[in-house]
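Hi,

Here is the structure I promised to pass on. Have a look at it first, and then read on for my notes.

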Amino acid sequence: MRKTGSNSKQPAKKIGPPLWLLAELTYRCPLQCPYCSNPLDFANFSNELTTTQWIDVLQQARQLGAAQLGFSGGEPLVRNDLEALVKEGRDLGFYSNLITSGVGMDEARVKDLKKAGLDHIQISFQASTAELNNMLAGSNKAFDQKIAMAQAVKKHGYPMVLNFVIHRHNIDEVGKMLQLAEQLEADYVELANTQYYGWALLNRDQLLPSTQQIKQAEQATNEFRKTTKRKDMKVYFVVPDYFEDRPKPCMGGWGSIFMSIAPDGAALPCHSARVLPMEFPNVTQIPLEDIWYQSNAFNAYRGDDWMQSPCSTCPEKTKDFGGCRCQAYLLTGDASNADPVCAKSGQRGLIDKAMRESQTIEANQPMVFRNKRESLRQ
C-alpha cells in the first residue's frame, strides 16, 4: 500500500509533468565495464520491483503525462518480463527505447520485442575491435554478439542506433568506430565521451583522455561526416564535461522533465542522483504524483532559489541550471555549489588538476571493474 508523501514540501513554482521516464529494471549485468554508471554499492540494492509493481509505475507515469519511456539497467535483458513491460508501455501510448549491450539477446527476442511494441533499440559497443571491446566488457564473446544483434535489429526494422562510450583506451579508434557503424548501416551513432560518475569516477585517472586526443577525435568525426556515403547517418560527438568551460543543462534541469526509477523503486531526478546524501522516495510507498510534485528530493534543486553565488546572479542560470548536482557534490562535497566544470565557479581548478594528473598515469595501469572482478591490465 502506497502512502501519501509525508516528508514533503510544496514546490516553490509551478512545474510541468515529467516527460521522460527511465525504468532502470535491474543493476544486474553480465558485463563488467570500468565506466559503468551504476552505483559503486549496487550490490546493496538487490531487491527489484516485481512485474506488477513496474506496470503500476508505468501506468502512474503515463497518467502524469510522461511520453517517452526508456528501459535500462544494468542489463535490462536479464529481466524475463521485459517483453511484458514493453507491451504495457505500448498499450499505454509510450514511445519506448531499450538501452542494451545486446548480450542476452537473440534474433527471436528481437522479434518478440518488436511484436510487443518496442520502438527503438540502442546497442552499446566498448570499441571497434573484438580484442579491446571484450577486454573492457570482461567477456570474450561480447563483440561478436553485439555485431549479430546490431544486424538483427536492422533486419527487423528498428532504427539502427549505436552507442560507443569513449575514453582514453579507445578514443584513438573513433575513425574505425564510425567505419564499423557504416558497415552495420547505422542510422544514428553516438560517440559518448565518458562522464565521470560511478565506476568512471573511480577509474578517472585511467580513463580521461588528453585534450589533444579529444581534438583529434572531433577532427576524425568531422572528416567522416564529410566523406561518408551515408549522408543520412546522424553522428553525435558528446564532449565530456571536463573539456568545456560551461556546464551542460543536466537532465534539462533537476526535476524538470526527467524521472528515473531505480531497480528497488527509488525515484531519482537523474540516474546518478543516488550518490547524493539525501533520502529519495520509493514508489512502493508513495504515489508517483506526490513524488514528482511534493517530495523534498525532487524539489531540492528545482528553480533557482537554492543557488549560491556565482550561480544565483549568473545570467546563464536559466540555460544550464547551475550544471550537475551530482558532479558538484562528488568534486566539492556540497551539491548546492556551482558545477566545478564552470569557469565561473571558483573551483574549476579541481577539474584542471584532475586532467593534469590523469596524464601522468600510464594507460596500462589497473582499472577497477564492476561485478567484483579483479582489476585487470590491458
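To get you oriented, in which helix is the place of Gln219? Gln219 belongs to α9, the helix that covers residues 211-227. With a relative accessible area of 53%, Gln219 is exposed. Its C-alpha atom is separated by 9.5 Å from that of Gly175, although 44 residues along the chain lie between the two positions.

Please keep in mind that this is a predicted model. The average pLDDT of the protein chain is 92, and 94% of the residues reach at least 70. Two stretches call for some care. Over residues 1-6 the pLDDT stays under 50, and the model has 17 contacts beyond four places in sequence for them. Residues 373-378 also have a pLDDT under 50 throughout, with 18 such contacts. Where pLDDT is low, the predicted coordinates should not be read in detail.

Now to the helix pair that I looked into. Helix α1 (residues 51-64) packs with helix α2 (residues 82-92) at an angle of about 20°, and the two axes are 10 Å apart. Because angles under 35 degrees count as roughly parallel, α1 and α2 are roughly parallel to each other. Their crossing is right-handed. On the α1 side the contact is made by Thr51, Trp54, Ile55, Leu58, Gln59 and Arg62, and on the α2 side by Leu85, Glu88, Gly89 and Leu92. By type, these residues of the contact are five nonpolar, three polar and two charged. As a reminder, an α-helix has 3.6 residues a turn, so residues three or four places apart point the same way.

Just ahead of that, in the loop between β1 (20-24) and α1, you will find Phe45. Not counting residues up to four places away in sequence, Phe45 touches Tyr27, Asp264 and Arg274. The C-alpha atoms of Phe45 and Val341 are separated by 30 Å, with the two residues 296 apart along the chain.

The region around α13 is also worth a visit. Arg325, Cys326, Gln327, Ala328 and Leu331 are buried in this helix, and the buried residues of α13 pack against α7 (198-202), α8 (204-207) and α14. Just after α13, Gly333 has a positive phi of about 85°. Further on, Asn337 sits in the loop between α13 (325-332) and α14 (348-358). Asn337 counts as buried because its relative accessibility is 16%. Leaving aside neighbours within four places in sequence, Asn337 is in contact with Gln308, Arg325, Ala328, Thr332 and Gln347.

Last, some backbone details. Most residues other than glycine have a negative phi, and most peptide bonds are trans. Here are the exceptions I noted:

- The peptide bond from Gly73 to Gly74 is cis, with omega near 25°; Gly74 is in the loop between β2 (68-72) and α2.
- Ser309 and Pro310 are joined by a cis peptide bond with omega of about 10°, and Pro310 is in the loop between α11 (296-299) and α12 (317-320).
- Met251, in the loop between β7 (234-238) and β8 (258-261), has a positive phi near 55° and counts as partly exposed at 22% relative accessibility.
- Phe321 is not a glycine, yet has a positive phi of about 55°; Phe321 lies in the loop between α12 and α13 and is partly exposed, at 29% relative accessibility.

Happy browsing, and best wishes!

Definitions and conventions: Residues numbered from 1 in each chain as written. Predicted model: local features only at pLDDT ≥ 70, side-chain atom pairs only at ≥ 80, totals over all residues. Heavy atoms only, no water. Axes fitted to C-alpha atoms, helices over the stretch in contact; angles between N-to-C directions. Helix = DSSP H or I, 4+ residues; strand = E, 2+ residues; numbered from the N terminus. Parallel < 35°, antiparallel > 145°, perpendicular 65-115°, else oblique. Left-handed = near helix turned anticlockwise from the far one by under 90°. Contact = heavy atoms within 4.5 Å. Nonpolar A, V, L, I, M, F, W, Y, C, P; charged D, E, K, R; others polar. Buried < 20%, exposed > 50% of the residue type's maximum accessible area, 1.4 Å probe, protein only. pLDDT = per-residue confidence, 0-100.
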